[in-house]
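Subject: Handing over a structure

Hi there,

Here is the structure I promised to pass on. Have a look at it first, and my notes follow below.

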Amino acid sequence: MDAVEQAKSGDPGMPMGMADAATVLFTQFLRFDPQAPDWPDRDRFVLSAGHGSMLLYALLHLTGYPDMTLEELERFRQLGSRTAGHPERGHASGIETTTGPLGQGLGNSVGMAIAERLLAAEFGDAVVDHRTYVIASDGDLMEGVSHEAASLAGHLGLDKLIVLYDDNSISIDGPTELAFSDDRVLRFRAYRWAAERIDGQDHQAVADAIRWAQQSDRPSLIACRTTIAFGAPTKAGTAAAHGAPLGASEIAGARERLGWNYPPFVVPDDIRTKWRAAGARGEPLRRAWETQLQSLPSERRDEFLRRQRNELPGGLDAAVAKLCDDFRKANAKIATRQASGTVLDTLTKVVPELVGGSADLTPSNNTKAKDQKDVRRGDFTGHYLRYGVREHGMAATMNGIAVHRGLIPYGGTFLTFSDYARPSIRLAAFMGVGVIYVMTHDSIGLGEDGPTHQPVEHLAALRAMPGLYVYRPADAVETAECWALALQRRDTPSLLALTRQALPLLRSEAGSENRSAYGAYVLAEADGPRRVTLLATGSEVSIAMAAREALATDHIAAAVVSMPCWELFGQQAKGYRDAVLGTAPRVAVEAAVEFGWERWLGPRGAFIGMQGYGASAPGEALFPHFGITAERVAEAARSLL
Ligand SMILES: Cc1ncc(C[n+]2csc(CCOP(=O)(O)OP(=O)(O)O)c2C)c(N)n1
């Protein structure tokens, strides 16, 4: 309450109500070592109710995380402090994931618990045996993503996932009964969780409940009845404890009621000593774990540590070069989704940490490699997740798998349903985690399913997201190259936009250089001085190539530039970009809206693409219907000369 008062903003209520439950968890149960915060076998703790960030910061400070100093608590919510308004991964050790958008942390925790089970199945319980604990609020349990994630967790029987639910009956608008009357305990039991209600401010009850949850063969929800802003004389138990400082008189009253006689930011020595002792509990456990790790065969130990460092195995470049060669030899005229499936058949062998999945579109997304086995309740030896029709839950879960470390998650759905996963994609970009989205059916080219399924604004919307790398390969070779780039970028998410329809092979030249790594490159230079430059991505690159030929018959020399990844192209040196784009007029073609293309088109450019939503018809009929043809591209080029 003092930090929030000093910052003149923030949320004092939830930290005061959940302080008891959190104290029991951190002092008696949670396995962690503040001196080795990245200890791979630590228990994970997620404060899903990120608005209560001060609770986490206080716990990290009291238990002795070196970077969470008292000064940081005093600088709550100030520029450059570790103590941001909501916990941000990377700002301080002990913050496992970024939370704040309600529901996301709970979703991440399911991914963490899955990662723990998968790694235990692979490396053994002696080195992987930890729990995932969460503090979640009413808001977390109202959000749709938590329903999806909880349903998945129950289905998989993630028995080491324990959620302390702050059942305080208050949210911002007032009492939760204004909007929330389902029985949360019964709901979670129906998800195949163990769920009980307790008095969340009775230390013994909390400890007993955590012990009970640890024994359960299911994920557990402990509904902790608490009073928001416990101790504040008039604001306790009310929505007034939300989103603003309590004010001087409430704080004075709370000090009196709680029997707390110290000034702000003073931790008495005896209390600090007890907390530090709680924080020191983990060190012998961590040291014992290190001995266990040493007892693994050296090859297994090296593999475990390689994964923890987020380093890729050797052999990836050679495997991708061979895939490209094979595609060229076969003159692979296939859909890029199919090429992606072939690429995965190889990559899942070379990169064993890949964990695939799809939101119930496996046969369409081609996400399941030949050798991949399903992950099932009770059997975590497989590396393929059946996420069910839960795009948002899948994306939040993938973030949790990625931040856990040790595995690289990829997951598929239709590109148009990236909207259903967008809040989690944004957090992946924001945190800088290397999850990979395999988004197929990337334009009107998908055909008969019609406009509900045909993305038009999605590429623009995804390219607008800072930190997300959007790849739209033009053929099988570019697909392999883009997969390699996505894998190499361990500190940013990547999204592959892939076609349903077959595409010709355009990259027939020999050589192992990954040309997609430039983001854009001249696929076909003009015969003679360039009079026009045609820019395209994905399925429209072959349309641009046909337009180039049509223009050649009129003696108009046109170059075709393939632009599989705008973000990478934007990072190239200006000289390279200028050379690729040229000084001649430009025409861009993409089966999507124009939004964003002005960046590459310049003042004299023309765009051929979608003006609105698509239609239900065979894909071959839709391209001419919407005027996305080589003839139209050539016409636009001529009109610019
Ligand atoms: C996705 C999302 N929507 C809205 C908010 C804004 N917000 C912050 S806290 C909160 C609700 C707080 O109620 P509750 O979750 O019960 O927490 P408590 O009252 O126990 O602090 C809301 C709506 C948010 N953080 N995330």
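Which oxygen or nitrogen atom of the ligand has a polar side-chain atom of Ser137 beside it, and at what distance? It is an oxygen atom, 2.6 Å away from that side-chain atom. This counts as a polar contact (a pair of N or O atoms within 3.5 Å).

Before the rest, some background: this is a predicted model, where local features need pLDDT of at least 70, side-chain atom pairs count only at pLDDT 80 or more, and totals for chains, interfaces and linings use all residues. Residues are numbered from 1 along each chain as its sequence is written, and side-chain values use heavy atoms, leaving out hydrogens and water.

Back to the ligand. A polar side-chain atom of Asp138 lies 3.3 Å from an oxygen atom of the ligand, and a backbone N or O atom of Gly100 is 2.8 Å from a ligand nitrogen atom. The protein buries 74% of the 580 Å² that the ligand exposes when taken alone (accessible areas by the Shrake-Rupley method with a 1.4 Å probe).

Around the ligand there are 16 residues (each with a heavy atom within 4 Å of it). His51, Ser137, Gly139, Asn168 and His242 come nearest. Helix H6 (138-142) and strand S4 (170-171) each supply at least two residues of this shell (helices are DSSP runs of H or I with at least four residues, strands are runs of E with at least two).

Enjoy exploring!

Best wishes

Terms used
A polar contact is a pair of N or O atoms within 3.5 Å; within protein, one must be able to donate a hydrogen and the other to accept it, and residues adjacent in sequence count only if both atoms are side-chain atoms.
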